[in-house]
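Trainee: I should like to go through the reasoning behind several labels given to this structure. May we begin with the structure itself?

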Amino acid sequence: MNAYEGILPIHKPAGFTSHDVVAKCRGILKMKRIGHTGTLDPAVTGVLPLCLGRATRMVEYLQELPKEYEATLVLGVATDTEDMTGEIIEQVEEVRVTEEEVRQVLSRFIGTISQIPPMYSALKQDGKRLYELAREGKTVERKPREVTIHELELLAFHPEGPHPRISFRALCSKGTYIRTLCVDIGRALGVPAAMTELKRTMSAGIAESHCLTLDEVARHVAGGTLQEHLLPVDRAVEHLPAHIVEADKVKAALQGQRLSSTVVSPAVKRGETVRLYSPEHQFLGIFRVEEETMAVKAVKVFLPE
């Protein structure tokens with residue numbers, strides 16, 4: 001069995017669930033230990049980083065990082081799924097808005113906002129997925145959730161026709177529903193709205209330009225060149241500060257022993273989580289500095305294979 005290890009950025013095609021992509025890659029790579037870093041609906045395309053081998057231990061860190069999307073919404077139409085895969089539940093004959101009005105509304109969504117998750121989502125309530133309840137024709141009360149929109153940029157405004165379209169780019173926190181953002185933008189403009197198109201252009205700092213299609217993955221596996229296209233395991237935690245442990249303490253670090261902060265450079269801060277490397281820049285793992293003792297304690301260790 002091939003021992004691939006690292007982060008494999010996939011360009012997810014339309015029509016596939018995230019689990020479909022994982023299953024396809026398990027077949028191509030002939031390995032079971034593959035995890036994805038955030039569900040994309042079947043109609044959505046774009047960046048889906050997969051973690052291979054021991055890199056699956058990094059999924060939680062990749063999931064926490066911001067994601068970027070490009071989306072298009074249509075004004076004047078609402079559906080039960082908040083996108084155009086659902087049944088139309090409201091429609092107005094004609095919508096008249098200006099680009100200036102659109103820009104003003106978009107600016108109001110930048111920052112921390114509250115969203116009510118859509119019924120057609122994978123969130124669980126009383127042990128059942130919301131989309132399962134929705135398919136049974138049920139609607140339940142959902143608690144609002146706070147998410148952060150870091151950037152929201154108008155890409156295109158198409159006012160022609162009875163139902164104008166708005167395309168935008170959003171850089172947002174984990175847990176943001178772009179479908180719901182589209183609906184809320186429409187509501188702020190005083191009309192129903194639904195998402196018509198969505199592409200994830202960046203996830204955890206990994207851009208579209210890094211991604212391979214499933215066909216390209218198969219070609220690289222056949223040619224023996226896939227490992228060259230994998231991102232290293234520590235790419236998942238590039239946002240954490242990097243520190244180096246003294247050479248004679250590398251073994252202790254890999255054994256998960258508590259280390260004195262005096263053997264780590266540069267100086268660490270109380271309570272922070274860090275990446276730790278050997279003097280030869282071998283990634284040793286993720287460590288946390290204890291608040292009281294300042295000891296450097298292992299969170300996840302990556303032993304050399």
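Trainee: Where does Thr 37 lie?

Mentor: This is a predicted model. In it, Thr 37 is found in the loop between strand S2 (34–36) and strand S3 (45–52).

Trainee: What makes Thr 37 count as buried?

Mentor: The label requires a relative accessible area under 20%. Thr 37 has a relative accessibility of 1%, so the term buried applies.

Trainee: Which residues does Thr 37 touch, not counting those up to four places away in sequence?

Mentor: With that exclusion, Thr 37 touches Pro 49, Cys 51, Val 59, Leu 62, Gln 63 and Lys 67. With one of these, Pro 49, there is also a polar contact: the side chain of Thr 37 reaches the backbone oxygen of Pro 49 at 2.9 Å. The cut-off for such a pair is 3.5 Å, and 2.9 Å is within it.

Trainee: Why is the pair Glu 94 and Arg 96 called a salt bridge?

Mentor: The rule asks for a side-chain nitrogen of Lys or Arg within 4 Å of a carboxyl oxygen of Asp or Glu. The closest N and O atoms of Glu 94 and Arg 96 are 2.6 Å apart, so the pair meets the rule.

Trainee: Why is Arg 96 called exposed, while Glu 94 is called partly exposed?

Mentor: Exposed means over 50%. Arg 96 has a relative accessible area of 59% and therefore qualifies. Glu 94, at 48%, falls in the range between buried and exposed, so it is partly exposed.

Trainee: How do you know that Glu 99 and Arg 103 are separated by about one helical turn?

Mentor: Both belong to helix H3 (residues 99–107), where they are 4 residues apart. They form a salt bridge, with the closest N and O atoms 2.9 Å apart. Glu 99, at 36%, and Arg 103, at 42%, are each partly exposed.

Trainee: What are the labels for Arg 187 and Asp 184, buried or exposed?

Mentor: Arg 187 has a relative accessibility of 56% and counts as exposed, whereas Asp 184, at 14%, is buried. Their side chains meet in a salt bridge at 2.7 Å, N to O. In helix H5 (residues 178–188) the two are 3 residues apart, about one helical turn.

Trainee: Which residues are joined into one network by salt bridges that share partners?

Mentor: Glu 68, Glu 151, Glu 153 and Arg 169 are joined in this way.

Trainee: How many salt bridges does the rule give?

Mentor: The count comes to 13.

Key. Residues numbered from 1 in each chain as written. Predicted model: local features only at pLDDT ≥ 70, side-chain atom pairs only at ≥ 80, totals over all residues. Heavy atoms only, no water. Buried < 20%, exposed > 50% of the residue type's maximum accessible area, 1.4 Å probe, protein only. Polar contact = N/O pair within 3.5 Å; in protein donor to acceptor, adjacent residues only side chain to side chain. Contact = heavy atoms within 4.5 Å.
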